[in-house]
Amino acid sequence: MNNNKQTIKKKVKKHIPKDWLSELRIVYRITMETFNDIKRTGIVNLVIITTMAAILTIFGALFRTTLSVSSFAHELGNVLEISVYLKPSASAHAVKNRIGDIDHVEQVKIIPKEKSWSDLRREMEVPDIENPLPDTLHVKVDKPENINAVFNEVKHLSGVSDMSYAQELAKKIQFLNQVVNTTTLFVVFIVAILTITIINNTIQLVIQSRKEEIEIMRLMGVSNWYIKIPLIMQGALYGFVGAAFALIPLNVVQNLLNNVHKFFLIPPPLFAENIVITTMFFVGILFGAGGSFLSIKKHLQV
Amino acid sequence: MIQLRSVTKKYKNTYALKNVNLDILSGEFVFIVGSSGAGKSTLMKLLYKEETPTSGTVMIGGINIANLPSDKVPNLRRCMGIVFQDYKLLQNQTVYDNIAYVIRTLGISTKEINARVTGALKVVGLSDKLHAKPSELSGGEQQRVSIARAIVNGPPLLIADEPTGNLDPKNSMEVMQILDQINQRGITVIVSTHDNAMVDYFRKRVITLDKGEIIKDIQAGTYE
């Protein structure tokens, strides 16, 4: 059995170029260095990972909430329409085509005056007079913030007599969207600072405790990147493990938000969970490695 | 192999080295001597680029290392062995790991590392201490481990900065004999020391520094 293993090993080795073998050994040894460094950091690892998990949970939960609020705002925005009332002489189809060419217009629907009149008569009692209503166009816009621009363009078209839309609601939705976007940016900023600070301090401790060893490595001609990479990987690993632990509380938040979506009959945003989880891991790893990198730059003359 | 031309090193208002011109040929054994503060250590540090000269050129193997970018310094140091007065061994690692550390970073196979470490330990006579920690060794043995580490990569140049500074006469003699043997294998050896007995015993080229200047350069000289 053992002989077999040796034979296979020899056969495989034959087919790997020598340079590749060296590179693979270096990668393996750097990885082992990283794990050795983590092992030496001891109980402090737990503290760092717990803190990272807490920060990333807050980030993940807020980010997921942001996506939900954004989808609510979008749904509300979708029900917003501009009502365009046409002059009696205007051709509804001609105006419809011209409005359809305007940027940000998603849909234009003709409501003939006969339909409006019959709808009105169904809803309320009206005297039996000649239909006074004009033909109407219902214009749907892609985003609430574009409604005003479309409104102003349509206003100047010939054949348009009057227009209306829920201006206040559109403004509120637009404001809500802005608040949500600003909050997301703010949270990302705070998370970045917290993560980088924590990892920065941790790696600083590691560097301090290994200062003499690093100095000897440097004097003996160990490459700068061989000294740096394990420390950067250590920071990235804290971010990764912290994000993995943050998945547990994040799952609770995701379920809660899904229930809210179900209650309001608004579907949760597409791939929201995957987006949040991927971003959380990305943020954890990137800022973990970044914090480590900054610490190396500040405290290590390599 | 080594050429220093008009090398000056100045710290604030003090000259550590002043207009030093020096040639060391391949395969030579050179003692750098002088009293404390004469500039011996600064000269050694210039050779392994721990210091940069204020002016002048330091050529090693035809390359002016005074202008060497910092990312190339590890390459330079891997081409030479360096031995320090305080051994600079990793105390939490075994003799084997201390010697193997640098060559491990080069992607050399474990089999080859084993062979090289064993060979280097044989040269310094410590084959039986492979798994000992530095704290379990005497000062002389630790310095021999540091010499083994310096030669494990087969460098053409060995720089020893006060290698016997912390050792008793018996251990000093052993260490110097090992350096001499290494030199006989064709490796250029530069030793800074103020151990006059050793210098007088070995009768090698002696360069005397005083207040940062070379005041004497004698083949088969003595410490005066």
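Modeller: Helix pairs at angles under 35 degrees count as roughly parallel, over 145 as roughly antiparallel, 65 to 115 as roughly perpendicular, and the rest as oblique. Keep in mind that this is a predicted model.

Colleague: Why are α3(B) and α4(B) called oblique to each other?

Modeller: Helix α3 (residues 95–104) and helix α4 (residues 110–124) of chain B pack at an angle of about 130°. That value falls in none of the parallel, antiparallel or perpendicular ranges, so the pair is oblique. Their axes are 10 Å apart.

Colleague: Is the crossing left-handed or right-handed?

Modeller: The crossing of α3(B) and α4(B) is right-handed.

Colleague: Which residues make the contact?

Modeller: From α3(B) come B:Tyr96, B:Ile99, B:Ala100, B:Ile103 and B:Arg104. From α4(B) come B:Ile113, B:Arg116, B:Val117 and B:Ala120. Seven of the contact residues are nonpolar, two are charged and none is polar.

Colleague: What makes α3(B) largely enclosed by the rest of the structure?

Modeller: A residue is buried if 20 or more other C-beta atoms lie within 10 Å of its own. Seven of the ten residues of α3(B) are buried, so the helix is largely enclosed. The buried ones are B:Val95, B:Asn98, B:Ile99, B:Ala100, B:Tyr101, B:Val102 and B:Ile103.

Colleague: What covers the buried residues of α3(B)?

Modeller: The cover includes α2, α4 and α5 (139–151) of chain B.

Colleague: How many residues does each chain give to the contact between chain A and chain B?

Modeller: Chain B gives 13 residues and chain A gives 14. On the chain B side, α2 (73–78) and α3 each supply at least two residues. That side of chain B divides into five nonpolar, three polar and five charged residues.

Colleague: Turn to chain A. Why is A:Gln107 called exposed?

Modeller: The cut-off for exposed is 12 or fewer other C-beta atoms within 10 Å. A:Gln107 has 12, so A:Gln107 is exposed.

Colleague: Where is A:Gln107 placed?

Modeller: A:Gln107 is in strand β2 (residues 105–111) of chain A. The C-alpha atoms of A:Gln107 and A:His138 are separated by 8.0 Å. Along the chain, these two are 31 residues apart.

Colleague: Which domains does the assignment give for chain A?

Modeller: The domain assignment gives domain 1 (29–75 + 173–299) and domain 2 (81–165). Taken over C-alpha atoms, the centres of domain 1 and domain 2 of chain A are separated by 51 Å.

Technical notes:
Residues numbered from 1 in each chain as written. Chains lettered and ligands numbered in written order. Predicted model: local features only at pLDDT ≥ 70, side-chain atom pairs only at ≥ 80, totals over all residues. Axes fitted to C-alpha atoms, helices over the stretch in contact; angles between N-to-C directions. Helix = DSSP H or I, 4+ residues; strand = E, 2+ residues; numbered from the N terminus. Left-handed = near helix turned anticlockwise from the far one by under 90°. Contact = placed C-beta atoms within 7 Å. Nonpolar A, V, L, I, M, F, W, Y, C, P; charged D, E, K, R; others polar. Domains from an automatic or database assignment.
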